[in-house]
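Open the model in your viewer and keep the selection tool at hand. The stops below go from core to interface to ligand.

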Amino acid sequence: MGDQDSSNLPVGIDYQSRSDAARAAVEEKNSRANSPVASTAGIYIHVPFCRAKCLYCDFYSLAERDDVVDRFVNCITEEIHGAAGQVRDRRFDTLYIGGGTPSLLTPGHLESIMNALQKVLGLNRIVEFTLEANPGEAPEEKLRAFRDLGVNRLSLGFQSFDAGLLKFLGRLHDPRDCSRTFEAARRAGFDNISVDILFNVPGQTLQCWQSDLAALVELGPEHISAYSLTVERGTPLDDMVAAGQVCMPAEEVDTALYAWTRQYLPGWGYHAYEISNYARNGRACRHNLHYWRGEPYLGFGPAAHGFDGTRRWWNVRDLDKYLKLIEGGDSPVAGGEELNIIQLRNEKLALGLRLSRGISVTVDLGYESVADFISKYEGQLESWADHLVLVGEQLSLTEQGTLLADTIAADLFLEGRKPALHRKRRPPAALL
Amino acid sequence: MADQLVRNFCIIAHIDHGKSTLADRFLELTHTLTTKEMQAQVLDDMDLERERGITIKAHPIRMVYRHTDGKDYVFNLIDTPGHVDFTYEVSRSLAACEGALLLVDAAQGVEAQTVSNAYLAIENDLQLVPVINKADLPNARVDDVKTQIVDLIGCEESDILITSAKTGQGVEAILEAIVEHIPPPGGDPDGDTRALVFDSTYDSFRGAVAYVRMVDGCLKKGLTAELFAHDRSYEIDEVGIFRMKRHPAERLTAGDVGYVIAGIKDVAYLEVGDTLTTADSRATQRLPGYKPIKPMVFTGLYPISSEDYELLRSSLDRLRLNDASLSYVPETSTALGFGFRCGFLGLLHMEIVQERLEREFDLNLITTPPNVEYEVVTDDGELIRVDSPADMPHAGAIRQIREPYVAAEIITPPDYLGGVMKLCQDKRGSYKNTHYLSPSKVQLRYELPLAEVIFDFFDRLKSVSRGYASYDYEFIGHRPGELKKLDILIAGEVVDTLSRIIHKNHTNAQGRALCKKLKEVIHRQQFEVVIQAATGSRIIARESVKPLRKNVTAKCYGGDITRKRKLLERQRAGKKRMKQLGRVEIPQEAFLSIMEVEHGD
Ligand SMILES: Nc1nc2c(ncn2[C@@H]2O[C@H](COP(=O)(O)OP(=O)(O)OP(=O)(O)O)[C@@H](O)[C@H]2O)c(=O)[nH]1
Ligand code: SF4
Ligand SMILES: [Mg+2]
């Protein structure tokens, strides 16, 4: 497979558990990969602070830790500096400050982080600079200051326009805060705003969702992320569902709301370019596209992940440990994995199928030709005839297929090694 | 005359009465194995035997014993299994011996396989040496057990030896008794060569290995061996005797127990029970050999991946050399493809064969629900045998179905008599008689449908008797029964491997139980899956598995990718273990869990 965009990759943070030999092998492989154009890469900064924890949230974020925000910012800049010398190329074109609630940082904080980034990685090629903010927690002045620092895209966590649902979800804002913050952002000069919104919330009806979407379209953000609420393990919502205190909507409701979204938003000019993401022309999130296309990214902050095209590593998912490690001059990396060629290919497939444009079976999956791909997947292509389409060399999901994206991806996965079906057999001692 | 200083004997008993442990003591006392080689139940050298703590294969071994008369005697011992499913191992071993130690656990007393194995030995004209084992146990009831043994074999109380294979108490006396009570082998070393093939095995380098009991004449390297069953001859490469492993010897002569390797590559030509002779001293009279064993349960055995069919066939051929009670013929199933219908002596036997095939031949197999063999009289008066429910004619074409019956012998302490009789009644048994072996042991006789005995009878019997009752059974013929074929339909199609024949009183309950179980194990598919149970054209139960509408991760960003890939990899691996039935995928466990329904209801 010659599809690993791994030559000239920004190589990430020093990843302790890798031997030099392994590294040499990867680099050798990378230099052999004959990809004509090296892909661009993203930078992600994780800000793990929130004013309060939402019921359903499994992002790594903490409430009531204002005491360490300054230390945290220092550590982030340290971590960025630590990456100096290990980054061979500076083709970063997106910067994403997520969380948590990054809008809780002061413009001063952001400035320090950006200074570090500018120095170590260079920000000259950044074309998309996103910052996440919550309604009611980002006054116009602050937004203007962020804007002046170069933030050119805001991602606002609305989640719902229904006061009851917002309350249930544990959000601190009310519906009016949504439009107020949105208007404030516009006034502050943001012409690229994304809004997050949730369906499949207990108690939510189709009508309720329809009016949410209508209200959203009325406001007119450039980008919408509409997620089906998922019960994540270990969240308070999970406990409540397990205890029978909350009942998640029936699958029919979930799929009906999804179907409505998929047909309604495009009618208003929002392309459904990913399973949960919709954008006006040219406003698809470039940063997230790096993830879905299997392109490299660097991550800074607790629980942040990095990827250089063949290996992925991640920082400790613990703010205090993160601070201690960095302050002690150590690497915050907690673990990592070297992806083999099959795992890389499987990831490309699973992620690529999430995109409406799908994935190229030759360039991305590495088949010699479309015919080669078809001959190897005849059975699957037939059984998923209603769910998968192959146009030219692009393989993508049909509308119906998007609902079963995971099942289908798993079905198309290659297996790296023989599954552990066989126990290790001893030689036939019994037969003398 | 053959050598007067040879004794050929086996140890027989009910399961767990201590045969293999007693063999350990013999091997120690005769210094056959070094202390380093020694371990508990050393003759149970198959992994499966060690894991389960039971003997599965009869195991021959040779020892040299210096008797009180100062002479060295060659002992050829065969340790046999006690479980009822492996009786063919016992009966074949008996034919290689002149005597048998009948071992009885001092606490348990005479049990069902004590009785059946004692009878087998008597039928084979073997000299029985009765031994009470485990005399060290605090709850040993030596006197009572003596009464039971006297009642069983009609010996004198004074003939019964008392031992503890655990402590070694009384073991010397057994060795002495073997010399004194068990006759040396007869046979003529100078006569025409005749050797009984009592067992065999496959050696991947040297082909089939015949285990023989020399009756007359002699065998040695270089001679031309001939077998009666097939018109073939082979040059003998090696003969030898059994230590822990095969041990080459100069020659085998009348009375010896040993093995012969003669480059028999095609395993089909070596049959247990056949007589081996030589070209230069060719015998004309074949030895009696063995009655073919009648399989009791049948299942379909299919390779999980269809490319393994040929491997399964050759593995069965080879395993059969080492397990003469295994029978198989090719069969095809619409659900599972190409496989074999195999006959076994019982469910344990079936399980062991499957395990051995998987371990020794690196196969992955699926086993269909077991069943017994029926006789069906069709409308036009024809009698057919049906050992697979899939082959059962349509209900309209059947005049009568006959099912196999067995005479079962149950031995229990009298306290549990009531419970045992109720169980037999529930299992459609008809009472024959009762006999007291001693005040603490009753022998009950019932005639029962085999299908009722094979499945959960053992567990139920153990539970009604708090573990004290044991049973044995013997096939007595087919009898008409009110039986019906129960079909399972998945997505409207009969799954042939799930069909079964059951008593009409059980069809509804089983049909419902099967549908429910299947609903649990069939995961949601792209479409609704309807599961039905039917007898003839009548649907008697129905369940449905709702279609899978949605399986997609809502959020997937940088930090989620590894986790998501691993999740999908697991889903992918799970899919590998699925069987495709038409459009429906069924996990392999579904087939196995169906057996549980059968056991539990
Ligand atoms: N206390 C006591 N336990 C014994 C004695 N002999 C055997 N055992 C135990 O009884 C159990 C069964 O012993 P085995 O020698 O495997 O019995 P077996 O008759 O060969 O069993 P199968 O071959 O499976 O029929 C083991 O746990 C032995 O340790 C004995 O003399 N005293
Ligand atoms: S604001 Fe966002 S990150 Fe913070 S707890 Fe709520 S959902 Fe989680
Ligand atoms: Mg044993």
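Two residues are in contact when their C-beta atoms, placed from the backbone, lie within 7 Å. Keep that cut-off in mind for the first stop. Note too that this is a predicted model.

**Stop 1: a residue in the core.** Select Val212(B). Which residues does Val212(B) touch, leaving out those up to four places away in sequence? One run to pick out is Ala195(B), Leu196(B), Val197(B) and Phe198(B). Another is Gly258(B), Tyr259(B) and Val260(B). Leu276(B) completes the list.

**Stop 2: the whole core.** Now widen the view. Val212(B) is among the residues with the most contacts inside the largest nonpolar core, along with Ala100(B), Leu102(B), Ala210(B) and Val260(B). That core has 161 residues. Select strand β8 of chain B, residues 207-216: the strand supplies seven core residues, the largest share. Then move to the second, separate core, which has 113 residues. Ala138(A), Leu154(A), Leu165(A) and Leu351(A) are among them.

**Stop 3: where the chains meet.** Show both chains. Here 46 residues of chain A are in contact with 37 residues of chain B. On the chain A side, color α9 (251-267), α12 (341-352) and α16 (405-412), which are among the elements that each supply at least two residues. α16(A) gives the most, with six. By class, this side of chain A has 23 nonpolar, 12 polar and 11 charged residues.

**Stop 4: the ligand.** Center on ligand 1. How many residues surround ligand 1? There are 20, and the closest are Gly18(B), Ser20(B), Ile54(B), Thr55(B) and Gly82(B). Select helix α1 of chain B, residues 19-29: this helix gives three residues, the largest share of the shell. The shell divides into six nonpolar, nine polar and five charged residues.

Technical notes:
Residues are numbered from 1 along each chain as its sequence is written. Chains are lettered from A and ligands numbered from 1 in the order in which they are written. This is a predicted model: local features need pLDDT of at least 70, side-chain atom pairs count only at pLDDT 80 or more; totals for chains, interfaces and linings use all residues. A nonpolar core is a set of buried Ala, Val, Leu, Ile, Met, Phe, Trp, Tyr and Cys residues joined through C-beta atoms within 7 Å. A residue is buried if 20 or more other C-beta atoms lie within 10 Å of its own, exposed if 12 or fewer, and partly exposed in between; C-beta atoms are placed from the backbone. Helices (H or I, at least four residues) and strands (E, at least two) are DSSP runs, numbered from the N terminus. Ala, Val, Leu, Ile, Met, Phe, Trp, Tyr, Cys and Pro count as nonpolar, Asp, Glu, Lys and Arg as charged, and the others, Gly among them, as polar. A residue is near a molecule or strand if its C-beta atom, placed from the backbone, lies within 6 Å of it.
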